[in-house]
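Trainee: Could you walk me through how to read pockets, interfaces and salt bridges in a model like this one?

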Amino acid sequence: MVAWTDAERNAITSVFAKLNPDVVGPNALARCLIVYPWTQRYFSKFGNLYSAETILGNPMVAAHGKVVFGGLEMAVKNLDDIKKTFAPLSELHSEKLHVDPDNFRLLADCITIVVASQLGSAFTAEVQAAWQKFMAVVVSGLCRQYH
Amino acid sequence: KMSLSAKEKTLVKTFFSKVSGRVDDIGNEALSRMLTVYPQTKTYFAHWQDLSPGSASVRKHGKTVMGGVMEAVEKIDNLCEGLRNLSDLHAFVLRVDPSNFKILCHCLLVVLAMTSPEDFSPETHVAIDKFLASVSLALSEKYR
């Protein structure tokens with residue numbers, strides 16, 4: 001089980017409270033598809049992903065970004081048991097979606113960067129450390145059921 | 001090896017010329033963050049008195065690092081040749097494990113996103129990410 005200090009819990013929950021679900025999820029996913037274009041391989045059904053502009057304007061990307069954000073929300077609400085909470089999602093990504101787990105790290109980095117741009121100076125080094133620890137636990141939870 | 005398109009080089013040059021007045025602060029922020037978020041990186045600076053964020057040593061070194069980054073921007077058309085001295089330094093003297101280049105690059109991207117949210121668009125992000133990866137590659141050229 002992951003040990004969270006009080007400072008880390010506070011940092012994670014207070015960052016999350018500041019995030020706009022309509023902005024962060026969609027922007028992070030779009031950014032991932034633009035910055036790491038090979039991740040587009042999982043979204044062939046999303047239609048037009050030909051350029052940064054079309055990706056940013058693609059409603060399916062935006063909708064899926066919100067789904068991803070919902071997953072993060074679930075993790076924040078279950079900080080002490082992310083592993084168990086994410087077991088079904090992990091199985092889904094492994095068995096059904098066949099996503100290379102390295103991609104979770106790429107998306108996590110994009111989420112961190114979007115969060116940083118939203119929070120500005122409030123995203124201090126300590127807050128970043130707590131947030132990245134949280135993202136690492138989320139990624140680990142998603143990787144767990146792979147075999 | 002990922003090469004930068006002409007458009008990407010322009011994006012990199014434009015972005016860095018916009019922030020050129022703030023590079024010292026950017027360097028300090030990125031380095032301070034790296035030492036805090038990735039404590040294993042402190043092992044390279046055991047000779048410093050004070051490793052705390054914003055300390056004199058950290059500020060000074062942040063400035064040095066950004067000096068290197070800005071030099072790389074100027075020599076963007078030929079990084080391996082242009083950064084030859086820095087490459088020798090990292091390979092034979094400093095011997096920084098190349099995995100740490102990725103770490104510092106990530107911290108730099110976070111700081112750029114924080115301090116220039118309007119300018120750090122996804123297209124600029126990918127151009128700078130590629131640029132920093134190329135710089136890292138140039139720096140580890142002579143490792144073996």
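Mentor: Let's take empty space, then the chain contact, then the charged pairs. This is a predicted model, where local features need pLDDT of at least 70 and side-chain atom pairs count only at pLDDT 80 or more, while totals for chains, interfaces and linings use all residues. Residues are numbered from 1 along each chain as its sequence is written, chains are lettered from A and ligands numbered from 1 in the order in which they are written, and side-chain values use heavy atoms, leaving out hydrogens and water.

Trainee: How much space lies in the largest pocket?

Mentor: Rolling a probe the size of a water molecule over the atoms shows where empty space is left. On a 1 Å grid over the protein atoms alone, a pocket is an open set of points with protein on both sides within 12 Å along at least five of seven lines, a cavity is a set where a 1.4 Å probe fits but cannot get out, and lining residues have an atom within 4 Å of a point. Here the largest pocket holds about 1,100 Å³, the volume being the space filled by probe spheres set on the points, which are joined across faces, edges and corners.

Trainee: Which residues lie nearest the centre of that pocket?

Mentor: A:Y36, A:L106, A:D109, B:K102 and B:D129, out of 38 lining residues. The lining has 21 nonpolar, eight polar and nine charged residues; Ala, Val, Leu, Ile, Met, Phe, Trp, Tyr, Cys and Pro count as nonpolar, Asp, Glu, Lys and Arg as charged, and the others, Gly among them, as polar.

Trainee: And what lines the largest cavity?

Mentor: A:V24, A:G25, A:A28, A:V68, A:F69, A:L72 and A:I111 do, around about 30 Å³ of space. By class, six are nonpolar, one is polar and none is charged.

Trainee: How many residues does each chain bring to the contact?

Mentor: With contact meaning heavy atoms within 4.5 Å, chain B gives 18 residues and chain A gives 20. Together they bury about 1,600 Å², 66% of it on carbon and sulfur atoms; buried area is the accessible area (1.4 Å probe) that two parts lose on being put together, summed over both. In chain B, B:M114, B:P122 and B:H125 lose the most area to chain A, together 30% of what that side buries.

Trainee: How many salt bridges are there between the chains, and over all chains?

Mentor: Side chains of opposite charge can pair when their charged atoms come close. Taking a salt bridge as a side-chain nitrogen of Lys or Arg within 4 Å of a carboxyl oxygen of Asp or Glu, the count between chain B and chain A is zero, against 15 over all chains. One example joins A:E8 and A:K133 at 3.0 Å, N to O.
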